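Reader: Could we go through this one together? I'd like the overall picture and then a couple of individual residues.
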Amino acid sequence: MGMSSSLSLFLLLVPSMAITIGAVNVYKVGDNDGWRVPAGNDPHFYETWANKIKFLVGDSIVFEYRNDSVVTVSKRGYYHCNETKHASVSKDGSTVFLLDKPGFFYFASGDAERCKKGQRLMVDVVGSPASLVPAPSPPPSAAASLTVAIGTWSLSLVFLHCSSFLF
């Protein structure tokens with residue numbers, strides 16, 4: 001004789017730097033390193049970090065830093081580190097930017113010397129607001145998941161719908 005069950009729950013705790021809820025993500029710039037002059041003056045540190053991620057319209061990036069700042073700059077300001085004095089400077093230690101349209105976003109340290117040492121970030125955002133429309137619901141036998149981050153750990157919930165189990 002069979003027994004019925006409508007829902008099974010699987011929990012998995014995994015390290016992650018992104019908070020995923022639907023199609024919107026929040027990324028901590030530089031992961032555990034945060035926002036600082038790259039070690040060994042690696043001018044490509046943040047470029048390498050950003051190239052590992054496909055940024056979508058609606059995603060956000062978080063800059064975490066101490067005794068520093070972050071500013072949005074133009075493409076020219078990014079490459080020449082020459083707009084940091086004229087931009088709106090965030091100095092609170094944690095700054096969030098919403099990536100609200102497709103295209104390139106440019107950021108730099110508010111200190112031009114730090115920018116010249118590689119503390120700058122260029123983000124290429126793809127997609128459009130229409131791409132954030134939720135997909136149709138999966139069929140009843142498919143799995144659905146939700147990932148929520150707590151510090152540097154994320155909790156992934158995977159829900160499986162099963163029509164019956166045989167014991």
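Author: What follows goes from the whole chain to two single positions, and please keep in mind that this is a predicted model.

Reader: Fine. How many helices and strands does the chain have?
Author: The chain has 3 helices, and alongside them there are 14 strands.

Reader: And what share of the residues counts as buried?
Author: Of the 167 residues in the chain, 32% count as buried. As for the accessible surface, the chain comes to about 10200 Å², and carbon and sulfur atoms account for 59% of that.

Reader: What about contacts between residues 24 or more positions apart?
Author: If one takes the contacts in the chain with a separation of 6 or more, 70% of them are accounted for by residues 24 or more positions apart.

Reader: Switching to single residues, where is S60?
Author: S60 lies in strand β6, which covers residues 60-64.

Reader: Buried or exposed?
Author: S60 is buried, because its relative accessible area of 11% falls under the 20% cut-off for that class.

Reader: Which residues does S60 touch?
Author: Leaving aside residues up to four places away in sequence, S60 touches N25, V26 and Y27, and also V96, F97, L98 and L99.

Reader: Now I53, where does that sit?
Author: I53 is in a loop, the one running between α1 (45-51) and β5 (55-56). Despite that loop position, I53 is buried, with a relative accessible area of 18%.

Reader: How are I53 and V123 placed relative to each other?
Author: They are 70 residues apart along the chain, and the C-alpha atoms of I53 and V123 are separated by 9.2 Å.

Notes
Residues are numbered from 1 along each chain as its sequence is written. This is a predicted model: local features need pLDDT of at least 70, side-chain atom pairs count only at pLDDT 80 or more; totals for chains, interfaces and linings use all residues. Side-chain values use heavy atoms; hydrogens and water are left out. Helices (H or I, at least four residues) and strands (E, at least two) are DSSP runs, numbered from the N terminus. Buried means under 20% relative accessible area, exposed over 50%, partly exposed in between (1.4 Å probe, protein chains only). Contact means heavy atoms within 4.5 Å. Accessible areas come from the Shrake-Rupley method with a 1.4 Å probe; for residues, only the protein chains shown count as cover.
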